[in-house]
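Trainee: Could we go through this model together, one question at a time? I would like to hear the reasoning as well as the result.

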Amino acid sequence: MDSSGLKITKETLEDYLSYLEKIHREQSSINSYRTVLKLFYDFLPDEKIITAETAQTWQEYLIDRGYANRTVIQRVHVLNGFLRFIGKREWQYDNKLTANDAALPELTRNEYLRLLQMAKVLNKERTYLIMKTLCSVGLKINELQQVTVEAAKAGRVVVSLHDQPKRTAAIPDVLKTELLDYAGRNDIVTGSIFVTRSGKPLNRSNVWHDIQVVCAEAHVSEEKANPSCLWRLHQTTYEGIEHNISVLVTQAYDRMLENEELTIGWGT
């Protein structure tokens, strides 16, 4: 597959939209295509170069930002049409998504612990820490690069991606210690902790592959070798704890009222 880059301009995008008008595509569809292509153009790096991997990268970006499958499918479809127009049909991406947003498979707490244990057995410390960070801190895969030495020292990571509002996520003390120890032993003194040997932040494919290897060895379902499942486990664990606390608060309040009734109830 040709992987050389190709520069995209706004004029090229307008040429495609004009082509759609010439073949009598509905104006509403053209307006929708224009919106999607503008979003895609803004997504591209400053040099506006696309490659054979760009369509897949954009889909992953849309998924990581939480867009519904139906929206992702529609936007990748628009990009595929544009790629066909500029003679890069081989760069189109078959997203293999379904329009119905099936729920993520549930990764249980026991399965998560098995993954951590297997990562230790395989001596895959980086994968161990990545899985632990995604689940313990509650991060999406594209937020891992913001787990820096500075963030670990502060005990919190400030997540700020594109046009999304900033949020702060706490790094538990036990994880903070492990992250700083790992960084120290690997001569990572500043910046992102999860990096390649050359010092570049890990990409999405690296993380997926590493987790899949551990998943297979731990005999955890392959469909759960998904960083989003780790994030979801964080969410459901917190929700469960909050529910239990709510129950305890209600029970404590009821006991207080019962004790007051025994003391000053109308019939006492």
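The questions and answers below look at charges, cysteines, backbone angles and surface in this predicted model.

Trainee: Let's start with the charged pairs. How many salt bridges does a search of the whole structure find?

Mentor: Good place to begin. A pair counts when a side-chain nitrogen of Lys or Arg is within 4 Å of a carboxyl oxygen of Asp or Glu. With that cut-off, the search of the whole structure gives a total of eight.

Trainee: Which residue forms a salt bridge with Lys 38?

Mentor: Lys 38 is exposed, at 53% relative accessible area, and its partner is partly exposed, at 46%. The two are four residues apart in helix α2, so about one helical turn separates them. The closest N and O atoms are 3.0 Å apart, and the partner is Asp 42.

Trainee: Arg 126 and Asp 210 also meet in a salt bridge. How many residues apart in sequence are the parts that this pair ties together?

Mentor: Their N to O distance is 3.2 Å. Arg 126 lies in helix α6 and Asp 210 in helix α9, so the pair ties together parts whose separation in sequence is 84 residues.

Trainee: And is each of those two side chains buried, partly exposed or exposed?

Mentor: Take the cut-offs: buried is under 20% relative accessible area and exposed is over 50%. Arg 126, at 25%, is partly exposed. Asp 210 has 16%, which makes it buried.

Trainee: What is the distance between the closest N and O atoms of Glu 143 and Arg 167?

Mentor: Let's place the two residues as well. Glu 143 is buried, with 4% relative accessible area, while Arg 167 is partly exposed, with 33%. These residues form a salt bridge, and the distance between the closest N and O atoms is 2.7 Å. Glu 143 lies in the loop between α6 and α7 and Arg 167 in strand β4, so the pair ties together parts 24 residues apart in sequence; the distance asked for is 2.7 Å.

Trainee: Which residues are linked with Glu 125 in a network of salt bridges?

Mentor: Here the linking goes beyond a single pair, as three residues form the network. Besides Glu 125, its members are Asp 181 and Arg 185.

Trainee: Now a lysine that is buried yet has no salt bridge, Lys 48. How far away is the nearest side chain of opposite charge?

Mentor: Lys 48 sits in the loop between α2 and β2, and its relative accessible area of 12% makes it buried. The side chain in question belongs to Asp 42. A salt bridge needs the nitrogen and oxygen within 4 Å, whereas the distance here is 5.2 Å.

Trainee: Which residues does Lys 48 touch, leaving out those up to four places away in sequence?

Mentor: Two of them are Tyr 41 and the Asp 42 we just discussed. The others on the list are Leu 6, Lys 7 and Ile 8.

Trainee: What is the phi of Lys 48, and what is the phi of His 219?

Mentor: Each residue has a positive phi without being glycine. Their surroundings contrast: Lys 48 is buried, whereas His 219 is exposed at 70%, in the loop between α9 and α10. Phi is near 55° for Lys 48 and near 60° for His 219.

Trainee: Why do Cys 215 and Cys 229 not form a disulfide?

Mentor: Both are buried, Cys 215 at 0% relative accessibility and Cys 229 at 2%. A disulfide needs the sulfur atoms within 2.5 Å, and the search of the whole structure finds zero. The sulfur of Cys 215 is too far from that of Cys 229 for a bond, at 8.5 Å.

Trainee: Which residues does Glu 178 contact, leaving aside neighbours within four places in sequence?

Mentor: Glu 178 is in helix α8 and is partly exposed, at 26%. One of its contacts, Leu 129, is 49 residues away in sequence but 7.8 Å away between C-alpha atoms. The full list is Tyr 128, Leu 129 and Lys 132.

Trainee: Finally, which residues make the nonpolar surface patch?

Mentor: The patch covers about 250 Å². One member lies in the loop between α1 and α2 and is partly exposed, at 38%; that one is Ile 23. Together, the residues of the patch are Tyr 19, Ile 23 and Phe 85.

Technical notes: Residues are numbered from 1 along each chain as its sequence is written. This is a predicted model: local features need pLDDT of at least 70, side-chain atom pairs count only at pLDDT 80 or more; totals for chains, interfaces and linings use all residues. Side-chain values use heavy atoms; hydrogens and water are left out. Buried means under 20% relative accessible area, exposed over 50%, partly exposed in between (1.4 Å probe, protein chains only). Lys and Arg count as positive and Asp and Glu as negative; His and the chain ends are not counted. Contact means heavy atoms within 4.5 Å. Patches are made of residues with over 30% relative accessible area and no salt bridge: like charges are joined within 9 Å, nonpolar side chains (Val, Leu, Ile, Met, Phe, Trp, Tyr) within 5 Å. Accessible areas come from the Shrake-Rupley method with a 1.4 Å probe; for residues, only the protein chains shown count as cover.
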